[in-house]
Amino acid sequence: MKALRDRILKDGKCFPDGILKVDKFINHQMDPNLMKQICVEFIRRYASTEINKIITIEASGIAPAIMMGFLLDLPVVFAKKKKPSTMSDMLSTTVFSFTKQREYHVVISKEYLGEGDKVLFVDDFLAYGNAAKGIIDLCRKAGAELVGMGFIIEKAFQHGREVIEAEGVRCESLAIIESLDNCEIKLR
């Protein structure tokens, strides 16, 4: 997706250890016009796929998930990183965050994810595939069908795609970072 690639090269910042900062337009301050273009592209790629819910993990996946839900007129469900006191009947799994360098116990109410659901996962980044593994686990526990995963940016050198595809799940990424060596952004 050219608009996204151009924006990454213009406003993305590279840090050591494979970190790409895109908070100027994706996940701290958001460019709603770019986010709409991103979601329209995901919709195009999954046009022939039956979907009844969009799913993500808080927090950075919420913006694209809501935009997708709005454009497709579908509900959006997100896995919470802290169990609310009002949630009792839930599914849970553990996810390791590369960026935060810590584990989260994420939860989804069984009321919002269950058998018969055909869900599309949307998130900002695909790195090692840890969030993806957590969502795959939650969907299996719920008996929901995970029809695919969409990532705004994939860091190919961290091999998360292999994790997802090994589970038999379709994976779509709109911008693929080949390398961040020497803090130089190289796109595929």
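**Notes on helix 4 and some backbone details**

1. D17 sits in the loop that runs between strand 1 (13-15) and strand 2 (19-21). This is a predicted model, so please read the backbone values below in that light. Phi of D17 is near 65°, a positive value in a residue other than glycine. As for its surroundings, D17 counts as exposed because its relative accessible area is 67%, and exposed stands for values over 50%.

2. A second residue to look at is C183, placed in the loop between strand 9 (171-179) and strand 10 (186-187). Here too phi is positive in a residue other than glycine, with a value near 55°. C183 is partly exposed, because its relative accessibility is 40%.

3. Which two residues are joined by a cis peptide bond? They are E58 and A59, and omega there is about 10°. A59 belongs to the loop between strand 3 (53-57) and helix 4, so you may like to view this bond together with the helix discussed next.

4. Helix 3 (residues 32-45) packs with helix 4 at an angle of about 65°, and their axes are 9 Å apart. On the helix 3 side the contact is made by P32, M35, K36, C39, V40, F42 and I43; helix 4 contributes A63, P64, M67, M68, L71 and L72. As for handedness, helix 3 and helix 4 make a right-handed crossing.

5. Which residues of helix 4 are buried? They are I62, P64, A65, M67, M68 and G69. Their cover includes helix 3, along with strand 3, strand 4 (76-79), strand 7 (118-126) and strand 8 (145-155). P64, M67 and M68 are buried and also take part in the contact with helix 3.

6. L71 is worth a separate look. This residue lies in helix 4, which spans residues 62-72, and is among the residues that touch helix 3. Is L71 buried or partly exposed? L71 counts as partly exposed, because its relative accessibility is 31%, whereas buried would require a value under 20%.

7. On the surface, L71 joins V40 and F70 in a nonpolar patch, and the three together have about 290 Å² of accessible area. V40 of helix 3 and L71 of helix 4 are also part of the contact between the two helices, so I would display the patch and the packing together.

8. One last backbone detail: just after helix 4, D73 takes a positive phi of about 55°.

Terms used
Residues are numbered from 1 along each chain as its sequence is written. This is a predicted model: local features need pLDDT of at least 70, side-chain atom pairs count only at pLDDT 80 or more; totals for chains, interfaces and linings use all residues. Side-chain values use heavy atoms; hydrogens and water are left out. Patches are made of residues with over 30% relative accessible area and no salt bridge: like charges are joined within 9 Å, nonpolar side chains (Val, Leu, Ile, Met, Phe, Trp, Tyr) within 5 Å. Accessible areas come from the Shrake-Rupley method with a 1.4 Å probe; for residues, only the protein chains shown count as cover. A salt bridge is a side-chain nitrogen of Lys or Arg within 4 Å of a carboxyl oxygen of Asp or Glu. Helices (H or I, at least four residues) and strands (E, at least two) are DSSP runs, numbered from the N terminus. Buried means under 20% relative accessible area, exposed over 50%, partly exposed in between (1.4 Å probe, protein chains only). Axes are lines fitted to C-alpha atoms, for helices over the stretch in contact, and angles run from 0 to 180 degrees between N-to-C directions. A crossing is left-handed if the near helix is turned anticlockwise from the far one by less than a right angle, and right-handed if clockwise. Contact means heavy atoms within 4.5 Å.
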